[in-house]
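Biologist: I would like to go through this model one question at a time, with each answer reasoned out before it is given.

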Amino acid sequence: MPIYQPWCHGNITRSNAEDLLSKAARDGSFLLRASESIQGAYALCVLYQNCVYTYRILPNEDKKLSVQASEGVPIRFFSMLPELVEAYYSPNMGLITHLQYPVQREEEVEEEPESNSLPPQLPPRNFGPSDGKDSDPKSSEQTCTLSDTFLMRLQHMDMSTIPEEHQMAIQEYFRTSICLDAEQAHSGYHNLPGLKKLTMTICKNLNSEISRILPALEIFHRALDQQLSPGIVQFSKQMSADSGRALSCRLEQLTKLLYSIEDKVKSSVFESVGYEGGHRKSLIPLVTFEVKQEYLGISTKMFLKVDVESGKIYFKKSKDGPDDKYFVHNKILQLVKSQKMHAKLVIVVETEKEKVLRKDLVFDDTKKREGFCQLLQQMKNKHSEKPEPDMITVFVGTWNMGNAGSPHNINSWFQCKGQGKTRDDTADHIPHDFYVIGTQEDPLGDREWADTLKGALRNITNISFKQVAIHTLWNIRIVVLAKPEHENRISHIFSDSVKTGIANTLGNKGAVGVSFMFNGTSFGFVNSHLTSGSEKKLRRNQNYTNILRFLNLGDKKFKPFDIAHQFTHLFWLGDLNYRVELPSTEAEYIVTKIKQQQYQELLNKDQLSMERNDGKVFLHFDEEEIMFAPTYRFERDTREKYAYTKAKATGTKYNLPSWCDRVLRKSYPLVHVVCQAYGCTNDIMTSDHSPVFASFEVGVASQFVSKQDLNSAPQGGIQIMNCVATLLTKSKTKFFIEYHSSCLEKTVKTSEGENTENLEGSIKVWFGNQVELTPIISDPEYLLDQHILICVKSIDCDESYGEGCVALRAAQFCYTEFQITLTHHGERTGTLTGGIQLHTSEGKPTEKLYDFVKVEKDDTVASKGRGCDTNKFSVTQAHDISNPSYIGMSFQRDNAMDKGWSYSMPPKSLPIAGQGSKDPKKGGYDAGSRSPSGPSLNPMGEGEKVPGMFDNPLYGSMKKSHGRGMDQDHQQRDHIAPPDPFFTTSKQADADPDRPPIPIPRNRSYTCSETKPQPPTPVTLTVKKPVVPSRSEGGMAHSRPPVPNKARTGVSEPQTTNTRDYRDSAELPSKHRTPARPGQPLPQKEAHPEVPKMGHSVK
């Protein structure tokens, strides 16, 4: 597309084109942009009566251009775009109106190179082929200029250290041979004979030396290798027979051979000192915790010794006491965290007589409790009988190295030690499954940096991690390392880069990305270095959009979707360069606030948070609460002083301390993802940036192999119906929907929708027909982990007007209504509502590893919220669970806003598939508590405060800290989750305020509907009564006499839904019931008949 034409707007987005035409506000205004759906095609956008009409301009086989205009108009072909545009200035050419007023392209403010460093080094100049030497009169002038430039550079270099013959050879090349090479390149020949002659002259002795040393290296390599490699055996013959071969190829082969030798020697040495499969037999040492055990109100000191490798936990009365009382991993049934007491944990164990005991323990602090839980999860995972993992941990780190090498010890980075939300010392030796490291201004080579990372991880974990991928753009690099045992689970590896430097052609700024499949779960990682400078916020926003649009990762069949929708889990890291937006005169005030660890006032002025709140960047991404000091700009070799001033010829430049280095994430709805750590190091000081770390616990799906006979199993089905899209566009066109998923046999398209309303700036489209999607496997174990990607497209240009995602788990039990936010290229473009119903074969999902740790619900805490519209949605809370990524609420937001997705349940009269199931793990929704407007759910009032129990458990009350944390952020999101399998209510009981709290699982997050309110239901309150848990359904039949209750003083029973805990609506999904009033008995049919009436759990 010729850039000199004012109406040519290049790769601007469709929405930007509509905005420009709307500003023009004259019929006949037009512009051209690149097509988003067809490579090499264009889109002609014309404004008429405040609507935008889009026509595709397609090239044919002869590269002639034609416009897809109205039917009946003869097709005309044009050689050039200006010729085509000139022709359509005439009326009656098949457009809605003839072209009249070209819309000028907006001048983009380009990034200036930073003055504090050398200009970015340009890549070697490439000379493209031309029609002939005489066809370009400037050719000889350019080559002469090239020769003069290099000779001038040579004059300023000290060449006294190189031999005279080499000096003469280099001078001769720049004087004459480079011009000949340039002429060869112009003629289409890329052999560059002059350069080849020069390298052969300089490296004459090196060639002979390679030939001399290579045989010795080959013998050594073959001695290390049990099976002789045919390629290596013939290596010597090839090298000696082709001594005139390009030296670079010979050096590359020699380098590969040396690397191979190094790897084999390392492998042999590691194995000889006790490594097996790349790691030692014993990875995690024994860890002992001092705790207090609570029994009948009496606290006694105890010691818990955790042996991950043998799969045992020892209960000891003294630290040096005997190891005679222990529980094996398969007898440890559940860990239940207390919300109210952040250091308290309940361990549910099974004794030899198949009795279930609850052990109430209090740790020294919350970090110790978290370390204990992580160790036990590691134990359960290590000794699991499952062939494939269903949960992994991912380390994500970002560091702007400041063009300096790394220090010798970088262990604290990978151990998540320093400031912020950090890991406990007891978790130091627990390895992550993946390590994803992004660097910027990285001066090292790929090999050197990868070896540095592997060496550091080997020192910490005793594991030789495998390199999954490494990709570098100039000084921006991403490295992905994985445990050796995962090597065969990783597939479909892609990597790519996008330049966003000056004119989007230089790679000093930009992004690198890697994507892959881990069994049945897709991962994407993006490391970006965005434009610097406090005043260049809008340029950074544009950098983000360009990366989102043009980074080419993932499965090619998901082409309509950008990287924000392609992956189950997407992590975005890097030096995003967003600054604290305060005047430079406030520099000392900022430093004072940092020293006092009072970050909230500064975070309120954080540009990234403000832009996210406005929906301009990272829409529906999530970031853990920042509880660490700004990571930029330090004086090097210290973390005690910020160097926020810089002397320049034009005056003093200020770089205020800022949180430039960040980690954000976005995941599909209703998947498990929990951030375990987010902070920065204190002891790595070679750069003016501190490294940032983040650790995530992530749910994954296996490569499913059905246990059913695919020929005899009933065919599953996914029905999507009653879809209505509201699109924020002025385009005058028709639309259809495409459904994509890896679980579908093929992509499914709907028929053309009906545009029912055309309001100012938006269109409502009704897709009335029910769509039947056929999954490749109908087993619920497989289907419930799948998602459907939805794309609303235009009929005329086949371009996307919005994409979204629906989780099949939402329809696990019955027909479910959904509402999703449609986005395109990072912008909100509308909403889509509809209903989904799932038909699966028989079977029930297995329990996941992340269900092992749950968080209990505290009955005494009333429902409280912040700034939410009570008429819009209600909240059900399962604490510390699942994915907030699609919800799109920053912890700093005070008002309800776009959540990204929500689900509603049908009226109670609808039957529920699977009703009466004994497996509470199958539960994900309670149909009886899903009325979006009825009083059975407690809405969040505007004047209410966030409950203290949602304060960050690792760092105390947020009322004393720096803003809302992730725990509080969860509260503003609509969740509902299945109840604990070991603490369900059995039969109805009298209302008792002293009942123990009931744990709820943290494996799923669910949301209530914002649309189609259901009839209100009677206001009731479920009375909770704990039951002695058991791992098996039939093992709950033993009974004990109830323990007398002690009434709680000063605590009254909840009376209305306005005071009850808003999470009380998380009921057993397979029981189709309404919450009961205080004291009202539940219907007998809703209780498990096999569970006896019980009082308090007896230890």
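Biologist: Which residue in β4 is the bridge partner of Ile57?
Modeller: Helices and strands are taken here as DSSP runs numbered from the N terminus (H or I over at least four residues for a helix, E over at least two for a strand), and two strands pair if DSSP finds at least two bridges between them. Strand β3 (residues 51-59) and β4 run antiparallel and are joined by 3 bridges. In β4, the residue that partners Ile57 is Val67.

Biologist: At what pLDDT do side-chain atom pairs count?
Modeller: Residues are numbered from 1 along each chain as its sequence is written, and side-chain values use heavy atoms, with hydrogens and water left out. This is a predicted model, in which totals for chains, interfaces and linings use all residues, local features need pLDDT of at least 70, and side-chain atom pairs count only at pLDDT 80 or more.

Biologist: Which strands stand at the edges of the sheet, each with a single partner strand?
Modeller: The sheet is open, with 5 strands in the order β4-β3-β2-β1-β5 and mixed pairing. Two of these strands have a single partner each, so one side of each is left without a neighbour in the sheet, and they are β4 (65-67) and β5 (101-102).

Biologist: At about what angle to β1 does helix α1 run?
Modeller: Axes are lines fitted to C-alpha atoms, for helices over the stretch in contact (heavy atoms within 4.5 Å), and angles run from 0 to 180 degrees between N-to-C directions. Helix α1 (residues 14-24) lies across β1 (29-34), β2 (42-48) and β3, and its angle to β1 is about 165°.

Biologist: By how many degrees are neighbouring strands turned against each other on average in the sheet that runs from β20 to β26?
Modeller: This is another open sheet of 5 strands, in the order β20-β21-β22-β23-β26 and with mixed pairing. Its edges are formed by β20 (490-499) and β26 (661-667), each with a single partner strand, so each has one side without a neighbour in the sheet. With direction ignored, the average turn between neighbouring strands of this sheet is 15°.

Biologist: Which residue of β22 is the bridge partner of Ser515?
Modeller: Strand β21 (residues 510-518) and strand β22 (residues 521-529) run antiparallel, with 9 bridges joining them. Helix α13 (residues 537-550) lies across both, as well as across β20 and β23 (569-575), and runs at about 140° to β20. Opposite Ser515, the bridge partner in β22 is Gly524.

Biologist: What is the angle between the planes of Phe289 and Phe363?
Modeller: Rings of Phe, Tyr and Trp (its six-membered ring) pair if their centres lie within 6.5 Å, with planes under 30 degrees apart called stacked, over 60 edge-to-face and the rest tilted, and by this rule the count comes to 34 aromatic pairs. Phe289 is in strand β8 (residues 287-295) and Phe363 in the loop between β14 (356-362) and α10, so their pair ties together parts that are 74 residues apart in sequence. The ring centres are 5.9 Å apart, and the pair is edge-to-face because its planes stand at 80°.

Biologist: What is the relative accessible area of Phe518?
Modeller: Phe434 and Phe518 form an edge-to-face pair, 5.6 Å from centre to centre and with 85° between the planes. The pair links strand β17 (residues 434-440), where Phe434 lies, to strand β21, where Phe518 lies, 84 residues apart. Buried means under 20% relative accessible area, exposed over 50% and partly exposed in between (1.4 Å probe, protein chains only), and Phe434, at 1% relative accessibility, counts as buried. Phe518 is also buried, and its relative accessible area is 0%.

Biologist: How many of the 17 residues of α10 are buried?
Modeller: The expected span of a helix is 1.5 Å times one less than its number of residues, so helix α10 (residues 366-382) should span 24 Å, which agrees with the 24 Å between its end C-alpha atoms. Among its buried residues are Arg369, Phe372 and Met379. The helix is mostly covered, and its buried residues number 12.

Biologist: Which residue of β33 is the bridge partner of Leu727?
Modeller: Strand β29 (residues 717-727) is mostly covered, with 8 of its 11 residues buried, and pairs in the antiparallel sense with strand β38 (residues 827-839) over 9 bridges, where Leu727 stands opposite Gly830. A further 5 bridges join β29 to strand β33 (residues 762-767), again antiparallel. In β33, Leu727 is partnered by Ile763.
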